[in-house]
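Got the model open on your screen? Here is a quick walk through its charged pairs, its cysteines, a few unusual backbone spots and one of its pockets.

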Amino acid sequence: MLTDIEIAQQAKMKDIREIATQLGIAEDELELYGKYKAKISAQTWERVKNNKDGKLILVTAINPTPAGEGKTTTSVGLGQAMTKIGKNAVIALREPSLGPVMGIKGGAAGGGYAQVVPMEDINLHFTGDMHAITAANNLLSAMLDNHIHQGNELRIDARRVVWKRVLDMNDRALRQTIVGLGGKPNGFPREDGFQITVASEVMAILCLAADLQDLKKRLGDIIVAYDLDDNPVTARDLKADGAMALLMKDAINPNLVQTLENTPCIMHGGPFANIAHGCNSVRATQLGLKLADYCITEAGFGADLGAEKFFDIKCRKAGLNPDAVVVVATVRALKYNGGVPKAELNKENVEAMRAGSVNLMKHIENMKKYGLPVMVAINRFPTDTENETEVLRSLCEGAGVPFALSDVFARGGEGGVELAEKLVAMLDKEQANFHVLYEDNLPIKEKINTVVTEIYGGAGTTFTPAAERAIAKLEQMGFGNLPVCMAKTQYSLSDDQTKLGRPEGFTVTVREVNISAGAGFIVVLTGSIMTMPGLPKEPAANRIDIQEDGTIVGLF
């Protein structure tokens, strides 16, 4: 079989204006970035905002493993399959970050014959949104340090600066830095550090803002430091919000691209789900709901992270009402959860798969807690045996959820027809009764503990003294009614990545709690999670290249 990039390079893409026409978007409502990419202007929303909403379907997954799950691939393939069975569907996805593209993943636009194109552009600089976010974030850092250097009228305590610089790359050497070295002309030395761009609060704000003015207000609300009297200092206090909003004026508009089979895809924003809220922009999702009968979106990593934040942060804040959830799993990943080493996953092992299926069952239970119809999509691999898939089908039937085999990687939309038809049948038959997991007025510690016990399946939560003090301070400042954004390893339901399957009796350690006042949530760091990843021993960048004729190789 051809590689992902070879398949993408052979795609017969339509002019993006044709794709826009499929959604009823006029050419003068587009800002064109060449023939195959465009931004959708704000006037489109003004025209369609009173349209009836389509059905909102969230695609999520079990906890990720080295065996692979294929959540984005399934999302794209499902969108193509919906089109193939005659449904008016649009896909709403996140933009890839260069960090994972050059690090482990090598690309994040789907795979096989279920990809979003132009794949090379999407995986690299796309329409510049990531760079705009990086520039806005780092402008605020520069203005903060400049303010301290130029006399510090706001009396900022340099020991209590909480705002970090960002870079859209995995670089562990930048996690902890010292800035201002080199004498008086270079400012005051202080501890600093970098996060990856997708962990920036500016990214979260972009994804949660209703429009440009809301974006500007939220940027102004960012708390960057505390003064010598322990009062918060904001981006608005530094008069940085206007210039930051200007840098974001194009980035706030969603991007329009297409799949290999020319199904429309609105791609916008890209926060990670382990260290941020893991969802594409509210604007993109709302547009999708107004422009199509079915809007298929995804949230990062497993359902314990991305889906929980999709419901408890994004839907809560934007007033979205999802209609169904598709949980993606693979036979291989379930065997891995059942204790099979990666090297032996190609061998049939029904008992290991049955043992590992407890991870899938927990995610199904969790999604039902939100009052939504749930179905399972098994992303098919050539090594899956009939015995394994039949046992899995039986387990899903026992859990009371529809089950479909998905072969979209190898066959595109045609390989997802069973999944699409069963999804439509479930939507026609079952009524969603969506509700969030916890109420706004719960104390912060109770919100955290609710997520730990209800979603992760833990016995409880332990708070470090620093976390206890931070929570008390945030409630004193009036932030106690905000939702929590849990930063946790993606590899386990617990905060220990070695605990696979469905661990029980564990406690989650909360080591740090921070406020993202502009985004409107409280960031809770657990275990050893970090907001600046490092590169692996063999980075994907080792295999990525551009040839003499301009052909790109190594992206996948």
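Asp-145, Arg-165, Arg-190 and Asp-192 are tied together in a network of salt bridges. Keep in mind that you're looking at a predicted model. Side chains of opposite charge can pair when their charged atoms come close. With a cut-off of 4 Å between a side-chain nitrogen of Lys or Arg and a carboxyl oxygen of Asp or Glu, the count for this model comes to 31 salt bridges.

Here are three of the pairs, each with its N to O distance.

| Acidic residue | Basic residue | N to O distance |
|---|---|---|
| Glu-46 | Lys-49 | 2.9 Å |
| Asp-214 | Arg-218 | 3.1 Å |
| Glu-390 | Arg-393 | 3.4 Å |

Two of these pairs are worth a look along the chain. Asp-214 and Arg-218 both sit in helix 9 (residues 212-221), 4 residues apart, or about one turn of the helix. Glu-390 and Arg-393 are in helix 15 (residues 386-398), and there the spacing is 3 residues, again about one helical turn.

How buried or exposed are the partners? Arg-218 has a relative accessible area of 15%, so it counts as buried. Lys-49, at 33%, is partly exposed, and Glu-390 is partly exposed too, at 39%.

On to the cysteines. How many disulfides does a search of the whole structure find? The search comes back with 0. Take Cys-207, which is in no disulfide: the nearest cysteine sulfur belongs to Cys-279 and is 8.1 Å away. A disulfide needs the two sulfur atoms within 2.5 Å, so a pair at that distance doesn't qualify. Cys-207 is also buried, with a relative accessible area of 0%. Cys-396 is buried as well, at 0% relative accessibility.

Now for the backbone. Most residues other than glycine have a negative phi, and most peptide bonds are trans. This model has some spots that go the other way. Val-117 and Pro-118 are joined by a cis peptide bond, with omega at about 5 degrees. You'll find Pro-118 in the loop between strand 6 (114-117) and helix 6 (119-123).

Arg-155 isn't a glycine, yet its phi is positive, near 55 degrees. Arg-155 lies in the loop between helix 7 (129-149) and strand 7 (156-161), and at 37% relative accessibility it is partly exposed. Asp-230 is another non-glycine residue with a positive phi, about 75 degrees. Its place is the loop between strand 12 (223-227) and strand 13 (232-234). Asp-230 is partly exposed, with a relative accessible area of 30%.

Last stop: the second largest pocket, which holds about 1,400 Å³ of space. Which of its 45 lining residues are closest to the centre? Those are Val-161, Val-162, Lys-164, Glu-512 and Asn-514. Sorted by class, the lining has 25 nonpolar, 12 charged and 8 polar residues. Domain 2 (129-245) and domain 3 (444-525) each supply at least three residues to the lining of this pocket.

Key
Residues numbered from 1 in each chain as written. Predicted model: local features only at pLDDT ≥ 70, side-chain atom pairs only at ≥ 80, totals over all residues. Heavy atoms only, no water. 1 Å grid on protein atoms, 1.4 Å probe; cavity = no way out; pocket = protein on both sides within 12 Å on 5 of 7 lines; lining within 4 Å. Points joined across faces, edges and corners; volume = space filled by probe spheres on them. Nonpolar A, V, L, I, M, F, W, Y, C, P; charged D, E, K, R; others polar. Domains from an automatic or database assignment. Buried < 20%, exposed > 50% of the residue type's maximum accessible area, 1.4 Å probe, protein only. Helix = DSSP H or I, 4+ residues; strand = E, 2+ residues; numbered from the N terminus.
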